[in-house]
Amino acid sequence: MNIVVLNAAGHTVVRPDTTLKKSSDDFYAPDFISRVSWSPVLFARISKPGKYIAAKFASRHYDCINYGMLLYPEDFIDGGEDGYARACCFDHTSFLPSPMYNPVTLGREGNRAELRRNGQLLFSTPFAQAATVEDLLQEVSRYCYLRTGDLVCLELQPRDELCRRDGDPCRIEGSCCGNWLMDFKIIF
């Protein structure tokens, strides 16, 4: 299982499954990490494999969706491709919670996803339209074969600083459609 990401810059990146953090266990930053950035994501689970999936057929290839967040250890990102690649592969940095939602929730009025840091709203969005997920699958399947069980993510904004070693404690809470999504701390 891979985590295929269309990042905010429009590039397709593949994260290994070792980055997946399904539960809300706390994230313990190693001593060599002093800053952590983040990006909110909409993601879908692939239920039927494919390559070069046209948007009009994409609904046949995923069975559920949800919102989550990707973490990036900023100490690795030095402006070069190697640093960004190392940051994308860092263990337990893809917070993609389960259970996921049926695609019928897409576009429904009143469905929202929210993320908070220390009780303050970080990100809020109404549920995406089905066309957003379908366009995502079309774009990333141009570059890689999507297998059953893969998670395909769309970064919803460029990465931004979340917390730092010498800063305030960082507790992340998330909800989706009024249901609990995630609750964890980033501990330095």
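**Exercise 1.** Is Tyr-52 buried or exposed? Work it out on this predicted model.

*Solution.* Start with the place: Tyr-52 sits in the loop between strand 4 (35–46) and strand 5 (62–73). Next, take the relative accessible area, which is 60%. The cut-off for exposed is over 50%. Tyr-52 is therefore exposed. Now check the backbone. Phi of Tyr-52 is near 55 degrees, a positive value in a residue other than glycine.

**Exercise 2.** Classify His-92 in the same way.

*Solution.* Find the loop between helix 1 (81–88) and strand 6; His-92 is there. Its relative accessible area is 37%. Partly exposed lies between the 20% and 50% cut-offs, so His-92 is partly exposed. Phi of His-92 is near 60 degrees, again a positive value in a residue other than glycine.

**Exercise 3.** Which residues does a cis peptide bond join, and what is omega there?

*Solution.* Go to the loop between strand 6 (94–95) and strand 7 (112–117), where Pro-99 lies. Look at the bond between Ser-98 and Pro-99. This peptide bond is cis, with omega at about 0 degrees.

**Exercise 4.** Describe the protein chain as a whole.

*Solution.* Count the elements: two helices and twelve strands. Read them in sequence order: β-β-β-β-β-α-β-β-β-α-β-β-β-β. Then test the size. For 188 residues, a compact globule would have a radius of gyration near 16 Å. The protein chain has 16 Å, so the value agrees. Turn to burial: 46% of the 188 residues count as buried. Finish with contacts. Among those between residues at least 6 apart in sequence, 75% join residues at least 24 apart.

Notes
Residues numbered from 1 in each chain as written. Predicted model: local features only at pLDDT ≥ 70, side-chain atom pairs only at ≥ 80, totals over all residues. Heavy atoms only, no water. Helix = DSSP H or I, 4+ residues; strand = E, 2+ residues; numbered from the N terminus. Buried < 20%, exposed > 50% of the residue type's maximum accessible area, 1.4 Å probe, protein only. Rg over C-alpha atoms; globule rule 2.2 N^0.38 Å. Contact = heavy atoms within 4.5 Å.
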